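Okay, thanks everyone, I'll keep this one brief. Let me put the structure up and then walk through a few spots in it.

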Amino acid sequence: PCSEYMFLDDTACNLASLNLLQFRDGHTKRIDVDAYEHAVRLWTIMLEISVLMAQFPSREIAQLSYEYRTLGLGFANIGGLLMSSGIAYDSDAGRALCGALSAIMTGVAYRASAEMAKERGAFEGYAANREAMLRVIRNHRRAAHGQRAGYESLSTIPVPLDHAACPDADLVAHATRAWDEALSLGEQYGYRNAQVSVVAPTGTIGLVMDCDTTGIEPDFALVKFKKLAGGGYLKIVNRAVPEALRTLGYKESQIAEIEAYAVGHASLANAPAIDTASLRARGFTDEKIETVQKALASAFDIKFVFNKWTLGAEFLTGALKVPAAALEDTSFDLLTHLGFSKQEIEAANIHICGAMTLEGAPHLLPEHYPVFDCANACGRTGKRYLSVESHIRMMAAAQPFVSGAISKTINMPNDAGVEDCEAAYKLSWKLALKANALYRDGSKLSQPLSAQLVSDDVDEADELADEIISANAPARAAAIAERIVERVVHHVVREREKLPDRRKGYTQKAAVGGHKVYLRTGEYADGRLGEIFIDMHKEGAAFRSLMNNFAIAISLGLQYGVPLEEYVDAFTFTRFEPAGPVQGNDAIKNATSILDYVFRELAVSYLGRNDLAHVSPDDIGHDVLGRGEHEGKAPESASSIVSKGLLRSKTDRLMLVRGGATALREDVAHDVEPLSQLGWTKPTKPVESVAEKRAEARMKGYVGEACPECANFTLVRNGTCLKCETCGATTGCS
């Protein structure tokens, strides 16, 4: 679970979030407080009803959830609201506005809970916790009134609501009144719910609600990419940006120029250096220029348009005289090859594809830059981003008015050290936060993109070299070692080990709980398991397809190096239908699910895990008791043990020897083909490395990461997440 829910063990909490931007009146530029309070009250009642209607995973969780009736009302899009209002996220006014909205939300929710307690009674555990809960409500009320002392039983004082900094005094009045009424009604009737509010990440429902930002997060980027129904992408500036510019007093003509600076003109017309005339002079035909023009509309970078996938290899090698070998080099830059300088390419890139940031935009005053600060630096030229402290202080402004906790990512730059992390946790503790989550950019091995972009920038590489040269010997050695480690980690990637085209294995038929299951295995030449196929006899199409695709997923994992032991530990003892007695398998006689049976069979056959079998290996074979008329009879020929088809009908040259070993009928060794060479041919084309796939994907306009669902390198930016163009999967959270 995320960190917003901090309550008793074995309890559950249904969540709901309000899009704060929906309560901002576009004409008055103020929050509609009455509508906001009405929505909070309505959703508090809705969540209370959901306690009765929810399904729980266990009896214990259901019991405690009924006894305490915890609710999880929260909000989203505070970042979009602040930017639209022309208020910087990292400002006293921004934090005060967030605190006031949080105070109104939780105060009104507790007031509604007390009103429900009047009609339906307080939650079962209220009587035993009455004094403690009223003490908490009184502390909430003190924070809403802006008090900095007098808190009961608290060793760390929370951050109170800053009445003076709040840009709307009406919000402060509603917040204090809500908590006064929540305490007064609670003292009379108690509360229907032990908890009413949290601030969740809202990664998925935020997209459904059309939020620019999620939870209490600031904006992640100023320029977003929207997928078009007919294919391709449309690059648009965040809708909060033009609204913020209007609020700050800019004219519509100025706003249009600022937007064009951020998203680009998507055309070669009037572009500096790289335009239609310069391209014609270098051999481009009108047809190819038109092709480039169409591709620029959805391009992330002009380099992604000037490549072999857009222009065609034949045109490049013929008309432009590009060496064929250069086209296979993923680091090849066509524009540089055509004679354009780096400065010319960069200037054209900003004009055509946009700077992706507002820093340096025409007409925009520097004092307004903080309004548009995001969690990370925007674009290639952007330098500004929100500090770690600004994230923590925004959470601290809301925490005193939230029953639970806040789930939020505190973004740290790549160069953040242990001391920075320690300082972040210490500041969070001093400001009375319940939880935080730090993420240092580039800290995951699966995120090599940042390093690639940095190394692609010649200027930054030169600056880095100068810094290393000017540093003292220990620092220089550490810096060089860090760069080497980055490179080593980037290249040590497990490649897929494909099976030979002709491989051995076995098919096991069995019935689990009366349902027939066919398990087919494929092995490497050395006998290691490399793939499985699972087929269910006469099952529904959906279930059969699910099992088939599950088997494919397991096979891919095995071929990428996932140990079979990990799968066995994960899937044995799973329990779901069909389950029950197993018929047709010598070693396994009962299974709690289909997956339990499959991985027991694989563990026994390939790992020697006889502890997972129900019949000892000593009791399986032709020479054990209990086999009726077949007792004591050995297999009649080698073809009953070794596949005749695999050996291409050469089983007559094998004989069975007591003990289960096989020996040649003839002693001439050269007449027999080794099993490891049967059906194997040397690959004619080397396997493309993951690094090459990433680079090729970036040249095509993708981000260069593999999709976690289908493994294709077709991920593109979609809001604050990534989306796969092949299968449609997203990397967003719930």
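**The overall picture**

So, of the 734 residues in the protein chain, buried ones make up 43%. Keep in mind that this is a predicted model. Going by secondary structure, we've got 25 helices and 15 strands in the protein chain. The accessible surface adds up to about 37100 Å², and carbon and sulfur atoms own 53% of that. On contacts: if you take those in the protein chain with a separation of 6 or more, 63% are between residues 24 or more positions apart.

Right, now the residue I'd like to spend some time on, Glu601. It sits in helix α24, which runs over residues 594–607. What does Glu601 do for a salt bridge, given that it is buried? Well, it has none: the nearest side chain of opposite charge is Lys589, and that's 10 Å away. For a salt bridge we'd want the side-chain nitrogen of a Lys or Arg within 4 Å of the carboxyl oxygen, so Lys589 at 10 Å doesn't get there.

Which side chain does the Glu601 side chain make a polar contact with? That would be Asn585, at 2.8 Å. Asn585 also turns up among the residues that Glu601 touches once you leave out anything up to four places away in sequence; the others are Tyr506, Gln508, Leu519 and Ile588.

Okay, over to the surface. There's a nonpolar patch here made of Ile45, Ile49, Leu52, Met53 and Tyr66, and together they have about 470 Å² of accessible area. Helix α1, residues 33–53, gives the most to that patch, with four residues. Ile45 is in helix α1, and its relative accessibility is 33%, so we call it partly exposed. The cut-offs there are 20% and 50%, and partly exposed is what lies in between.

Last stop, two loop residues. Ala149 is in the loop between α5 (126–144) and α6 (169–189). It's exposed, because its relative accessible area is 53%. Go eleven residues along the chain and you have Pro160, with 9.6 Å between the two C-alpha atoms, Ala149 to Pro160.

Then Lys251, in the loop between α8 (240–247) and α9 (252–263). Buried or exposed, this lysine? Lys251 is exposed, with a relative accessible area of 58%. In sequence, Lys251 and His363 are 112 residues apart, yet C-alpha to C-alpha they're 9.8 Å apart in space.

That's my tour, happy to go back to any of these.

Terms used. Residues are numbered from 1 along each chain as its sequence is written. This is a predicted model: local features need pLDDT of at least 70, side-chain atom pairs count only at pLDDT 80 or more; totals for chains, interfaces and linings use all residues. Side-chain values use heavy atoms; hydrogens and water are left out. Buried means under 20% relative accessible area, exposed over 50%, partly exposed in between (1.4 Å probe, protein chains only). Lys and Arg count as positive and Asp and Glu as negative; His and the chain ends are not counted. A polar contact is a pair of N or O atoms within 3.5 Å; within protein, one must be able to donate a hydrogen and the other to accept it, and residues adjacent in sequence count only if both atoms are side-chain atoms. Contact means heavy atoms within 4.5 Å. Patches are made of residues with over 30% relative accessible area and no salt bridge: like charges are joined within 9 Å, nonpolar side chains (Val, Leu, Ile, Met, Phe, Trp, Tyr) within 5 Å. Accessible areas come from the Shrake-Rupley method with a 1.4 Å probe; for residues, only the protein chains shown count as cover.
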